[in-house]
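Grab a coffee and open the viewer. The exercises below go from the overall fold down to single residues, each with a solution worked out in steps.

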Amino acid sequence: MIKTRLSTIVILAVLCVRPLGLLSVVTDENKVILGPGYQEGQKSRQVLSFVPPADWMKDEQAAKKLGLHAVIVPDGKSIENADRVVTIAFQKKDLSKQGLANLKNFARLDIQNTMTQFPDCQAARWQPSGLDPVKMNFFSIELYGREKDKPSPHHLLILEATDGYFSITLTAATVEELRRPAYEDFFNSISLK
């Protein structure tokens, strides 16, 4: 499953996966660790729309179990055995808490908590090519570890809704996997209504 430690946010996915195409003795199941401030099952007044990558499906059972907005995996997989996964969580704004008051603070706290847990984590600039920052307030970044599985490569997109934040994370086994056009199409399809 996915692994991360965020104080208020959703999930910064960290998948313990086997490298694609290689035989591995890794037997750890995928795990999701939610930060101590994350409140499961929160809902937004706005609707998040997206088109999943081709041949992917929602893992409704995982989303319900984890209290997430959605979990999306390749067809025939579940969060327990997927080597790629998209997680979507929602966290309500709270003006009385600095880390939940605005997008900038929310993203800063998320990255700070990730870097605390994974000090060797590397960050790279990344932005979905089709999202317009004039029309939608968002933060995006690529994160990956220098050590195996610490953390797994992922793209993180945090969208600010009127009442909170949607954190959308695509986690894969390699940085190269993140560059597939189907994933760019997925991120470019995201909108709030």
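## Exercise 1: S140 and its surroundings

Keep in mind that this is a predicted model.

**Task.** Find which residues S140 is in contact with, leaving aside neighbours within four places in sequence, and decide whether S140 is buried or exposed.

**Solution.**
- Step 1: Leave out everything within four places of S140 in sequence; the contacts that remain are W126, Q127, P128, L156 and L157.
- Step 2: Place the residue. S140 sits in strand β6.
- Step 3: Check one distance. L156 is 16 residues away from S140 along the chain, yet their C-alpha atoms are separated by 5.5 Å.
- Step 4: Compare the relative accessible area with the cut-off. Buried means under 20%, and S140 has 14%, so S140 is buried.

## Exercise 2: The largest pocket

**Task.** Work out which residues line the largest pocket and which strand gives the largest share of that lining.

**Solution.**
- Step 1: List the lining. It is made up of A124, R125, W126, Q127, P133, M136, N137, F138, F139, S140 and I141.
- Step 2: Look for the main contributor. Strand β6, residues 138-145, supplies four residues, the largest share.
- Step 3: Sort by chemistry. Seven of the lining residues are nonpolar, three are polar and one is charged.
- Step 4: Put a volume on it. The largest pocket holds about 180 Å³ of space.
- Step 5: Link back to Exercise 1. S140 is one of the lining residues, and so are W126 and Q127, which are also among the contacts of S140.

## Exercise 3: The chain as a whole

**Task.** Say how many helices and strands the protein chain has, and what pattern they follow along the sequence.

**Solution.**
- Step 1: Count the elements: five helices and nine strands.
- Step 2: Read along the sequence, and you get β-β-α-β-β-α-α-β-β-β-β-α-α-β.
- Step 3: Look at burial. The chain has 193 residues, and 52% of them count as buried.
- Step 4: Look at contact range. Among contacts with a separation of 6 or more, 61% are between residues 24 or more positions apart.
- Step 5: Turn to the outside. The accessible surface comes to about 9,600 Å², with 50% of it belonging to carbon and sulfur atoms.

## Exercise 4: The nonpolar cores

**Task.** Find which residues have the most contacts inside the largest nonpolar core.

**Solution.**
- Step 1: Start from a general tendency. In soluble globular proteins, nonpolar side chains tend to be buried together.
- Step 2: Now the case in hand. The largest nonpolar core has 25 residues, and L48, I88, L157, L159, I168 and I190 have the most contacts inside it.
- Step 3: See where the core comes from. At least two residues each are supplied by β3 (70-74), β4 (85-92), β7 (154-160), β8 (164-171) and α5 (181-188).
- Step 4: Note the other core. Twelve residues, including L103, F118, L143 and Y165, form a second, separate one.
- Step 5: Zoom in on L48. Not counting residues up to four places away in sequence, L48 touches H69, I88, L159, F166, I168, I190, S191 and L192.

## Exercise 5: Four residues to classify

**Task.** Are F118, K77, K64 and D55 buried, partly exposed or exposed?

**Solution.**
- Step 1: F118 lies in the loop between α3 (103-117) and β5 (121-124). Its relative accessibility is 10%, so F118 counts as buried. P151, 33 residues away in sequence, is 6.9 Å from F118, C-alpha to C-alpha.
- Step 2: K77 belongs to the loop between β3 and β4. A relative accessible area of 34% makes K77 partly exposed. Beyond its neighbours within four places in sequence, K77 is in contact with M57 and A82.
- Step 3: K64 is part of helix α1, residues 60-66. At 74% relative accessibility, K64 is exposed.
- Step 4: D55 is in the loop between β1 (48-49) and β2 (56-58). With 59% relative accessible area, D55 is exposed too. Check the backbone as well: phi of D55 is near 65°, a positive value in a residue other than glycine.

How values were computed:
Residues are numbered from 1 along each chain as its sequence is written. This is a predicted model: local features need pLDDT of at least 70, side-chain atom pairs count only at pLDDT 80 or more; totals for chains, interfaces and linings use all residues. Side-chain values use heavy atoms; hydrogens and water are left out. On a 1 Å grid over the protein atoms alone, a cavity is a set of points where a 1.4 Å probe fits but cannot get out, and a pocket is an open set with protein on both sides within 12 Å along at least five of seven lines; lining residues have an atom within 4 Å of a point. Grid points are joined across faces, edges and corners, and a volume is the space filled by probe spheres set on the points. Ala, Val, Leu, Ile, Met, Phe, Trp, Tyr, Cys and Pro count as nonpolar, Asp, Glu, Lys and Arg as charged, and the others, Gly among them, as polar. Buried means under 20% relative accessible area, exposed over 50%, partly exposed in between (1.4 Å probe, protein chains only). Contact means heavy atoms within 4.5 Å. Accessible areas come from the Shrake-Rupley method with a 1.4 Å probe; for residues, only the protein chains shown count as cover. A nonpolar core is a set of buried Ala, Val, Leu, Ile, Met, Phe, Trp, Tyr and Cys residues joined through side-chain atoms within 4.5 Å.
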